[in-house]
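Work through the following exercises with the sequence and the 3D structure in view. Each task is followed by a solution that goes step by step.

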Amino acid sequence: MIAALDIPYWAQTAIKVAVALGLVSGSAFIFAYVFLYKIMSHMQSRLGPMEAGPHGILQLLADGVKFLQKEDLVPERADRFVFAAAPVVVMISTVLLYVVIPASPTLVGADLGAGVFYALAASSLSVIGILMAGWASANKYSLIGGLRAAGQLIAYELPLLLAVVGVVIQAGTLSLSGIVAAQADGEIFGLGAFGQPFVLTQLVGFAIFLVASQAELTQAPFDMPIAESELVAGYMTEYSGFRFLVFYISELATTFAFAALGATLFLGGWWFPGLDTSGGLLSNLVGPAVLFAKIMVVAFVIFWVRFSYPRLREDQLQTFAWKVLIPLSLANIMVTAVLKVAL
Amino acid sequence: MALDVDRDALVLGLRDELGDAVLDAVVVAGVDVWVRVDRRAWVQAAEACRDRLGLRYFCFLSAIDWLPSPFGRAEGQGVDLSRLAGAETVPMEQGAVETVPMEQGVAGGETRFQLLARLSSPTTQLGLTLKADVPDDDLRVDTWSGVYAGADWHERETAEMYGIEFVGHPHPAHIYLPGDFEGYPLRKDFPLVARLVKPWPGIVDVEAMPGEPVEEVADVAADGTEASA
Amino acid sequence: MSTVSERQQQAYVAGVAADARINVELETEGMTLNLGPQHPATHGTLRIVVRLEGEQVVEAEPVMGYMHRGYEKLVEVRSYPQINTLVNRIDWLGSFANEVPFILAAERLMDVEAPPRAQWIRTLFFELSRIANLSLFLGDLGVQLGAITPVFYAFRDREHVLNLIESATGGRFHPNFDRIGGLKEDLPRGFVDEARAAMGKLRDFCDELETLLFGNEIFERRTRGIGVIPAEVALGYGLSGANLRASGVDWDLRRDQPSPLAWSEIDWKVWTHPDGDSFARCWVRLQETREATFMVEQLLDGLPSGPIMAKVPRIVKVPTGEAWVSTENPLGEMGYYVVSKGDTGPFRVKIRSASFNNISVLPWVLRGVYVADVITIISSMYFILGDVDR
């Protein structure tokens with residue numbers, strides 16, 4: 001859409017960059033307030049922050065200022081450059097994820113033909129950032145935490161990928177806009193009014209996707225690397241103040257991005273019955289809102305599980321990934337492929 | 001006096017195993033049983049209790065220091081150690097008339113320090129209190145940690161609090177006190193520093209409860225003696 | 001002539017040396033890990049020094065004494081009512097339960113018996129303190145395994161019990177309610193109805209927790225088979241309470257030891273579990289909490305009327321003698337060996353606290369377990385630092 005405006009390319013890019021950055025932090029703030037402050041509190045039978053602003057809305061501002069005014073500590077033996085670069089790497093991987101998610105037929109950072117492939121590849125960059133953080137902290141315990149996190153994230157990349165392959169087979173395209181269009185144009189037993197959100201046929205894939213993204217986000221029940229703070233502190237120990245805030249924002253923003261991916265791949269993305277997949281004002285206005293609603297639903301499930309379950313031990317976690325999720329997702333692919341050819 | 005067959009059986013069992021090492025035994029029917037053994041048969045007594053009497057549950061092990069406290073509970077209430085009868089550590093004053101006896105408790109005793117241990121049986125619900133005299137000049141007893149694993153920590157605490165050495169203990173180290181602590185706190189001649197710094201004036205607030213007649217209140221002076229109402 | 005400058009060469013050599021240094025420093029074999037004195041997982045200031053070989057624990061040694069207050073020395077200079085206040089603070093979560101064995105020992109030496117109403121109310125508060133203590137355990141259990149929600153429910157429902165205790169005694173945590181010969185005062189009006197309502201809510205909480213936490217497959221995987229303690233080992237170390245019953249030993253001092261309190265007058269069950277692992281210990285405590293709510297209701301129904309204090313002199317002087325009384329406290333067997341010489345205060349009191357023995361088994365049970373299981377085992381053993389350190 002921005003291409004439709006008659007402004008030079010650098011201006012278009014600048015606007016896109018600004019929107020992406022604003023979206024990243026904005027989404028983190030929304031998630032922090034809605035889910036961490038309010039929904040978690042209500043689930044735990046308490047109110048959450050109520051003092052700062054009406055229903056604690058300004059608590060976010062207070063927390064932000066608190067983080068910014070903290071002393072910036074760098075351990076003496078830490079590798080300064082890597083130490084400083086680690087949060088940036090994690091943030092970069094998050095921002096890169098936002099590029100491909102379509103909010104409407106024209107509202108997309110870059111409509112890549114290999115959108116799915118690109119998204120999953122971009123999300124795995126965060127592993128490097130975590131390893132950098134663990135190593136550069138010059139702290140035995142951070143290193144162990146970082147290594148465990150890396151092992152967990154790499155292990156759960158595979159089920160994530162394989163679960164999405166089923167969707168790709170069914171849609172016939174790697175492009176995220178193409179997948180939304182496929183769901184919009186599909187039919188349920190001949191009834192075309194509601195399209196065919198892939199959650200119906202790819203239920204197993206959706207479940208695996210949710211579990212794997214829970215692990216990718218190191219949320220409970222897979223939060224051993226972070227709740228290592230029982231025994232040791234995780235890879236984020238030595239970080240304080242603004243650097244820690246960057247880690248935290250990227251964690252929440254990645255949650256938003258994964259929820260968006262899940263909504264796009266399985267729930268139909270920005271499409272709603274009645275919207276036009278090829279463009280038009282209505283799609284461009286209503287699409288983002290629809291997508292946002294679906295994101296909130298998926299994120300609610302992610303956070304709900306986080307608040308409810310105890311955590312798995314590291315070896316149980318790895319066993320679950322390699323021995324349960326991967327075979328299951330492979331079976332899912334097989335069945336999808338067979339049925340795609342047969343039906 | 002009622003007969004307590006089960007507790008008597010405990011005593012008989014111990015006498016059978018240890019013979020002369022059982023120095024004294026007291027059975028209070030329906031309540032409890034105390035046995036004092038010779039400290040040289042301390043481990044043997046434990047083994048007899050565990051294997052023959054079925055007292056497999058280790059409750060606790062500690063010690064009692066029978067020296068009357070030279071500091072007392074309130075100002076002026078302590079005992080002058082020089083007046084202590086039979087106290088080998090403190091010389092008797094020449095011409096002293098009044099002496100304060102150092103009395104041991106149930107099942108008697110001859111020394112200042114006495115080991116105190118309690119064992120129970122989870123099936124017969126009986127418990128046995130064992131005591132053993134530890135002489136001042138040889139504060140050593142064999143360790144129970146080979147018989148009851150739980151005695152390990154209890155002996156460490158008794159050793160640091162009383163200065164009794166447990167021969168053969170696998171890891172005799174302080175358990176509560178810091179490593180460089182000097183002295184043995186639970187001994188009676190080790191002062192409670194808080195009370196030295198600020199002496200306790202005794203019971204001061206003796207008032208009648210609302211509605212209670214005044215004669216009920218006994219006026220207790222600071223040295224613990226009751227004045228007549 | 002080298003193309004690399006001398007400074008660059010020096011920098012390279014220094015870099016290699018630094019890398020080598022870090023490789024040695026970060027050697028993870030034989031690593032010693034310190035579970036703090038300040039630590040979120042231990043209920044208080046307990047320090048456990050753990051030596052690791054890779055992921056497994058080779059040796060674990062608890063270091064205590066950070067909270068040692070010298071109770072056994074303090075009681076030698078105090079009178080019995082003063083000691084009653086002190087003794088509240090040993091196991092501060094179930095405070096009333098600490099007073100009871102001490103008061104019973106003094107009463108035995110004085111040959112005084114409290115009237116029936118007092119004994120029943122003592123039992124009532126004893127069970128209330130058990131509920132207060134164990135419901136916190138149940139909440140905390142979740143947190144230490146990663147489930148952050150049950151602890152809020154636990155604290156919310158525990159408030160009912162604490163409010164009950166406060167309404168009758170004036171103190172939520174330290175009631176200081178027991179007196180030699182009876183109780184300080186009678187129950188306030190409306191206590192019985194409030195207590196019944198509270199028991200209903202607590203039973204709901206137990207049911208909720210059972211589904212939320214115990215029914216959870218992850219919880220089972222984290223706790224089943226972890227930290228198995230066979231019955232003979234448990235007896236040798238002197239483990240008591242739920243720890244012992246979870247190893248299959250059917251022993252509960254409330255049922256098995258004659259006591260003037262009212263346990264023999266009501267109908268209740270002792271819960272045991274044959275496995276002896278962490279799951280068993282947690283499960284037994286959950287059942288005990290629920291059982292305690294039933295017991296409280298029966299006690300409320302059967303409360304006899306009458307005086308709550310026997311005739312005892314104002315200044316209590318306990319005759320010469322020795323007495324040992326122990327009760328089944330929430331944490332285990334707690335007992336007092338009181339040596340009296342006829343004074344207003346005891347000559348020596350040996351305080352046998354349950355957690356001291358419960359922790360002494362840690363060096364044995366923690367050998368060979370994974371690092372992540374150390375927390376599971378510690379939280380399932382359940383101790384209070386005041387009880388450990390006295």
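**Exercise 1. The contact of chain A and chain C**

Task: In this predicted model, find how many residues of chain A are in contact with chain C, and describe the area, the bonds and the elements of this contact.

Solution. Begin with the residues: 28 residues of chain A are in contact with 33 residues of chain C. Next take the area, since the size of an interface is often given as the accessible area lost when the parts come together. Between chain A and chain C about 2,800 Å² is buried, and carbon and sulfur atoms give 61% of this area.

Then turn to the charged pairs, where the count between chain A and chain C is one salt bridge. This salt bridge joins C:Asp373 and A:Arg313, whose closest N and O atoms are 2.9 Å apart. Counting residue pairs in polar contact, with both residues at pLDDT 80 or more, gives seven between these two chains.

Now ask which elements are involved: on the side of chain A that touches chain C, those that give two or more residues are α1 (9-43), α6 (140-171), α10 (281-308) and α11 (314-342) of chain A. Of these, α6(A) gives the most, with five residues. Sorting that side of chain A by class, finally, yields 15 nonpolar, six polar and seven charged residues.

**Exercise 2. A residue of helix α6**

Task: Decide whether A:Gln152 is buried or exposed, and list its contacts beyond its neighbours in sequence.

Solution. First locate the residue, which lies in helix α6 of chain A. A:Gln152 has a relative accessible area of 0%, and the limit for a buried residue is under 20%, so A:Gln152 is buried. When neighbours within four places in sequence are left aside, A:Gln152 is in contact with A:Ala215, A:Thr218, A:Phe222, A:Pro225, A:Glu314, A:Leu317 and A:Gln318.

**Exercise 3. The contact of chain C and chain B**

Task: Describe the contact between chain C and chain B by its residues, its area and its salt bridges.

Solution. The residues come first, and the contact takes 51 from chain C and 56 from chain B. The area buried between these chains is about 4,600 Å², with 56% given by carbon and sulfur atoms. In chain C, the residues that lose the most area to chain B are C:Lys73, C:Arg314 and C:Glu322, which together make up 15% of what that side buries.

For the charged pairs, the count is five salt bridges between chain C and chain B. In a salt bridge between C:Lys350 and B:Glu157, the side chains meet at 3.9 Å, N to O. The side of chain C that touches chain B divides into 20 nonpolar, eleven polar and 20 charged residues.

**Exercise 4. The cysteines**

Task: How many disulfides does a search of the whole structure find, and where do B:Cys49 and C:Cys206 stand?

Solution. The search, taken over all chains, finds zero disulfides. B:Cys49 is accordingly in no disulfide, and the nearest cysteine sulfur, that of B:Cys59, is 13 Å away. B:Cys49 is also buried, with a relative accessible area of 0%.

For C:Cys206, the closest cysteine sulfur is in C:Cys282, at 14 Å from its own sulfur, which is too far for a bond, because a disulfide needs two cysteine sulfur atoms within 2.5 Å. C:Cys206 likewise counts as buried, at 0% relative accessibility.

Terms used: Residues numbered from 1 in each chain as written. Chains lettered and ligands numbered in written order. Predicted model: local features only at pLDDT ≥ 70, side-chain atom pairs only at ≥ 80, totals over all residues. Heavy atoms only, no water. Buried < 20%, exposed > 50% of the residue type's maximum accessible area, 1.4 Å probe, protein only. Contact = heavy atoms within 4.5 Å. Buried area = accessible area lost by both parts, 1.4 Å probe. Salt bridge = Lys/Arg side-chain N within 4 Å of Asp/Glu carboxyl O. Nonpolar A, V, L, I, M, F, W, Y, C, P; charged D, E, K, R; others polar. Polar contact = N/O pair within 3.5 Å; in protein donor to acceptor, adjacent residues only side chain to side chain. Helix = DSSP H or I, 4+ residues; strand = E, 2+ residues; numbered from the N terminus.
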